[in-house]
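Here are some short exercises to work through with the structure open beside you. Try each task before reading its solution.

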Amino acid sequence: MGHDHGHDHSHGANKKALWISFIITTSYMIIEAIGGFLTNSLALLSDAGHMLSDSVSLGVGVLAFIMGEKVASFSKTYGYKRFEILAALFNGVTLVLIALYIFYEAYKRFLEPPEVASFGMLTIGIIGLIVNIVVAWMLMRGDTEHNLNLRAAFLHVLGDLLGSVGAIIAAVLIMVFNWGWADPLASVIVAVLVLISGWRVAKDSVHVLMEGAPKNINLEEIAKTIQSIGEIEDIHDLHIWSITSGKNALSCHAVVTQNLTIQECQTLLKRVEDQLRKKGIGHITIQLESSEHSHGNSLLCSDYKGNPPDPSH
C-alpha cells in the first residue's frame, strides 16, 4: 500500500509539473517564433521550433498521464500505462527530426549568412533562457530519473535552455564582431545536443516496448534472491519487464524441494514477493512446481531452439 501511495503521489506531482510547464512553454514559443521572424535569426527560429516540439511533447505527456489513469479493462488488462512510453517514443523521434532539420537550415545559412537583428535576438534569447530555466526547474521537481515520459519532456526543455544560451552567445558575437556565421553555428551545437537526447529517449522507449529487462534491475541478482529461499530448488522461464516507468513486473516458474500444502505455498509466495519488492519489482507472478512436474530447465525461456541465450544480452 505504501508503494502504491508513493507512486500515486509522484504521478500527481509529475502531471501537475507537466501541465504548468505546457502553459508556460506554449505561451513563450509563440513570442519567440514571432521574434525569430522579425529578427531573421535561425538560432531563435530553431529554438522556437524546438519549443513547439516541447509544447507538443508536454501536451502529449499530460495526455499520457491522463490516459494512464484509466482503469484496466478486459481488452486492456494492464490499463493504458504503456501510453506514457509511447509518448516518450514520440518525443524522442521528434527531437531527432528537429535536430536534422536544424542541420539542414544551418547548412544553407553557412553558405549565405543573412542579416540578423542582433539586439532583438539578444533580448528574446535572454527572456527565453529565463523561461526555460523556470520550466526545467519545475520538471526537475518531478521524478525525471525513473519516469521516462517526464524525462523525455525534461530533455526537450533542457535542449531549449541550451538553445537560448546559444542564441545569446551568437547575438553577442554578431553585435561585437559582426560574425554572421555565429547564428547557424549556435544552431548546430544545439542540434547535436538535441540529437543525442532524442536518440537516447527513443532507444530507452523501444527497450521498454520490447519488454527488455529494466536497467535498474540485475536479472542474475533477482534469480539468486529467489533461489536463496530454502524451499525453492530451482527456477526457470524467468521474465522481467517494465509495464511503464517505475512499474516493473516479473513472472517465473519455481521448483520446490518438497510437496507443500496450500497454506505453505501461500506463505512461501509471500516471502518471495516481500524480497522482490525490496528489489523494485511490484507486479509478481510465480508458478510453483514440484520437481516431478517441472517442464523447463532454462533460467530465461524454454521457447527457443539451440543454445540458451546469453544473460548479459
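The expected span of a helix is 1.5 Å times one less than its number of residues. Keep that rule at hand for the first exercise, and bear in mind that the model is predicted.

**Exercise 1. Helix lengths**

Task: Compare the end-to-end reach of α5 with the span expected at 1.5 Å a residue, then do the same for α8.

Solution:
- Step 1. Helix α5 has 30 residues, so the rule gives an expected span of 44 Å.
- Step 2. The end C-alpha atoms of α5 are 43 Å apart, which agrees with the expected value.
- Step 3. Helix α8 covers residues 262–278, a run of 17 residues. From first C-alpha to last, α8 reaches 25 Å, close to the expected 24 Å.

**Exercise 2. The overall layout**

Task: Find how many helices and strands the chain has, and the order in which they come.

Solution:
- Step 1. Counting the elements gives eight helices and three strands.
- Step 2. Along the sequence, the pattern reads α-α-α-α-α-α-α-β-β-α-β.
- Step 3. For burial, take the 313 residues of the chain: 45% of them count as buried.
- Step 4. For contacts, consider pairs of residues at least 6 apart in sequence; 75% of these contacts join residues at least 24 apart.

**Exercise 3. Two helices side by side**

Task: Work out how α5 and α6 are oriented relative to each other, and which residues make their contact.

Solution:
- Step 1. Helix α5 spans residues 148–177 and helix α6 residues 182–209. They pack at an angle of about 170°, and their axes are 8 Å apart.
- Step 2. Angles over 145 degrees count as roughly antiparallel, so α5 is roughly antiparallel to α6.
- Step 3. From α5, the contact residues include L148, L155, G159, L162, G166 and I174. From α6, they include A182, A186, V190, L193, S197 and V208.
- Step 4. Sorted by character, the residues of this contact divide into 14 nonpolar, five polar and three charged.

**Exercise 4. One face of a helix**

Task: Which residues of α8 are buried, and how are they arranged around its axis?

Solution:
- Step 1. The buried residues of α8 are L268, L269, V272 and L276.
- Step 2. Looking down the axis of α8, these buried residues fall within an arc of 100°, so they line one face of the helix.
- Step 3. A general rule helps here: an α-helix has 3.6 residues a turn, so residues three or four places apart point the same way.
- Step 4. Turn to the other side of α8, where Q263 and K278 are exposed.
- Step 5. The cover over the buried residues of α8 includes α7 (219–227), β1 (232–244), β2 (247–256) and β3 (283–290).

**Exercise 5. Positive phi angles**

Task: Describe the phi angles and the surroundings of N178 and E211, then look at the residue that follows α8.

Solution:
- Step 1. N178 is not a glycine, yet its phi is positive, about 60°. N178 follows α5 and lies in the loop between α5 and α6.
- Step 2. The relative accessible area of N178 is 63%, so N178 is exposed.
- Step 3. E211, also a residue other than glycine, has a positive phi near 60°. E211 sits in the loop between α6 and α7.
- Step 4. At 44% relative accessibility, E211 counts as partly exposed.
- Step 5. After α8 comes G280, with a positive phi near 95°.

**Exercise 6. Far in sequence**

Task: For L42, I126 and A202, find the C-alpha distance to a partner elsewhere in the chain.

Solution:
- Step 1. L42 lies in helix α2 (residues 42–68) and counts as buried at 5% relative accessibility. L42 and A186 are 144 residues apart along the chain, with their C-alpha atoms separated by 9.1 Å.
- Step 2. I126 belongs to helix α4 (residues 118–140) and, at 40% relative accessibility, counts as partly exposed. I126 and S164 are 38 residues apart in sequence and 7.0 Å apart from C-alpha to C-alpha.
- Step 3. A202, in helix α6, is buried, with a relative accessible area of 12%. A202 and V96 are 106 residues apart in sequence, and 9.0 Å separates their C-alpha atoms.
- Step 4. Leaving aside neighbours within four places in sequence, A202 is in contact with L89, G92 and V93.

Technical notes:
Residues numbered from 1 in each chain as written. Predicted model: local features only at pLDDT ≥ 70, side-chain atom pairs only at ≥ 80, totals over all residues. Heavy atoms only, no water. Helix = DSSP H or I, 4+ residues; strand = E, 2+ residues; numbered from the N terminus. Buried < 20%, exposed > 50% of the residue type's maximum accessible area, 1.4 Å probe, protein only. Arc of directions from axis to C-beta. Contact = heavy atoms within 4.5 Å. Axes fitted to C-alpha atoms, helices over the stretch in contact; angles between N-to-C directions. Parallel < 35°, antiparallel > 145°, perpendicular 65-115°, else oblique. Nonpolar A, V, L, I, M, F, W, Y, C, P; charged D, E, K, R; others polar.
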